[in-house]
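Here are my notes on this one, as numbered points. Have the viewer open while you read.

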Amino acid sequence: MINIRIIIFFLLGTISIFLLLRFQGKLEMKEAPMGIVSLELARNPAQAKEIVTAWQHNDLIRNAKTNVWIDFLLIPFYSLLFYTLCGSISVRTGGQIAKTGVMLAFASLIAGVLDVLENILMLLTLNGVSNYLTVILTSFFAASKFILLALALLYVIPFGLRLITLKIAGGRG
């Protein structure tokens with residue numbers, strides 16, 4: 001049985017570090033409307049360089065690097081949160097729903113590994129070591145991570161709510 005305290009720990013850690021990341025850098029600007037995510041999803045080296053140059057001219061490059069380093073702290077929290085949630089749902093269901101939960105639990109861990117690789121490549125880019133391959137791989141890892149996490153979230157919300165509803169209904173009867 002999954003301890004709700006573990007889920008709450010991972011959830012609070014995820015939310016806390018996410019909020020820290022959101023407000024720490026203040027990296028949004030014309031060249032990077034989505035802040036650090038703009039660099040994660042840069043389509044080519046020219047776009048990545050434009051973002052990095054804008055941050056350098058606005059004395060934000062240090063903030064950007066710090067933001068990436070803080071993100072390393074977020075990775076275990078969100079990946080283990082989704083791993084735990086998907087796994088918990090899968091052991092409480094059956095059939096294809098359970099199999100999907102197991103796959104998405106492991107996909108959540110893979111998303112964390114992709115995020116680590118993405119962060120390493122972004123640190124290279126922020127330090128002036130960037131080329132077509134590093135930018136494309138950064139974007140690929142970021143997009144893959146977001147897709148895997150979105151799939152996990154699309155699993156957790158309906159099936160998690162269903163289990164909670166069944167538990168509440170069963171508890172009253």
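1. Is I36 buried or exposed? I36 is buried, with a relative accessible area of 13%, where buried means under 20%, exposed over 50% and partly exposed in between, using a 1.4 Å probe and protein chains only. The residue sits in helix α2, residues 36-40. Its C-alpha is separated by 8.4 Å from that of G25, and the two are eleven residues apart along the chain.

2. Some ground rules before going on. This is a predicted model, in which local features need pLDDT of at least 70 and side-chain atom pairs count only at pLDDT 80 or more, while totals for chains, interfaces and linings use all residues. Residues are numbered from 1 along each chain as its sequence is written, and side-chain values use heavy atoms, with hydrogens and water left out.

3. The overall layout is easy to describe: six helices and zero strands, reading α-α-α-α-α-α along the sequence. Helices (H or I, at least four residues) and strands (E, at least two) are DSSP runs, numbered from the N terminus. The C-alpha trace spans about 65 × 30 × 20 Å along its principal axes. Of the 173 residues in the chain, 42% are buried.

4. For a sense of distance, try I136 in helix α6. I136 and L85 are 51 residues apart in sequence, and their C-alpha atoms are 31 Å apart in space. I136 counts as partly exposed, at 29% relative accessibility.

5. Now the charged pairs. Side chains of opposite charge can pair when their charged atoms come close. The count comes to five salt bridges, a salt bridge being a side-chain nitrogen of Lys or Arg within 4 Å of a carboxyl oxygen of Asp or Glu. One of them joins the side chains of E28 and R22, at 2.5 Å from N to O. E28 is partly exposed at 36% relative accessibility, and R22 is partly exposed at 42%.

6. K30 and E31 form another salt bridge, with the closest N and O atoms 4.0 Å apart. If you vary the distance criterion, keep in mind that the rule used here is within 4 Å. K30 is exposed, with a relative accessible area of 72%, whereas E31 counts as partly exposed at 24%.

7. The pair I'd look at next is E118 and K145, whose side chains meet in a salt bridge at 3.1 Å, N to O. This pair links distant parts of the chain, with E118 in helix α5, K145 in helix α6 and their positions 27 residues apart. Both E118 and K145 are buried. Salt bridges that share partners join E40, D115, E118 and K145 into one network.

8. On to internal space. There is one cavity of 30 Å³ or more, and about 40 Å³ of space lies in the largest cavity. On a 1 Å grid over the protein atoms alone, a cavity is a set of points where a 1.4 Å probe fits but cannot get out, and lining residues have an atom within 4 Å of a point. Grid points are joined across faces, edges and corners, and the volume is the space filled by probe spheres set on the points.

9. Which residues line the largest cavity? The lining is made of L39, A48, L121, M122, T125, T134, V135 and T138. Helices α5 (95-126) and α6 (132-172) each supply at least two of the lining residues. By type, the lining divides into five nonpolar, three polar and no charged residues.

10. The surface has a nonpolar patch formed by L11, I15, F18, L19 and F23, with about 480 Å² of accessible area together. Patch members have over 30% relative accessible area and no salt bridge, and nonpolar side chains (Val, Leu, Ile, Met, Phe, Trp, Tyr) are joined within 5 Å. Areas come from the Shrake-Rupley method with a 1.4 Å probe. I15 lies in helix α1, residues 4-24, and is partly exposed at 41% relative accessibility.

11. Last, a backbone detail. Most residues other than glycine have a negative phi. D59 is not a glycine, yet has a positive phi of about 55 degrees. D59 lies in the loop between α3 (45-57) and α4 (61-91), and is exposed, with a relative accessible area of 68%.

Definitions and conventions
Patches are made of residues with over 30% relative accessible area and no salt bridge: like charges are joined within 9 Å, nonpolar side chains (Val, Leu, Ile, Met, Phe, Trp, Tyr) within 5 Å. On a 1 Å grid over the protein atoms alone, a cavity is a set of points where a 1.4 Å probe fits but cannot get out, and a pocket is an open set with protein on both sides within 12 Å along at least five of seven lines; lining residues have an atom within 4 Å of a point. Ala, Val, Leu, Ile, Met, Phe, Trp, Tyr, Cys and Pro count as nonpolar, Asp, Glu, Lys and Arg as charged, and the others, Gly among them, as polar.
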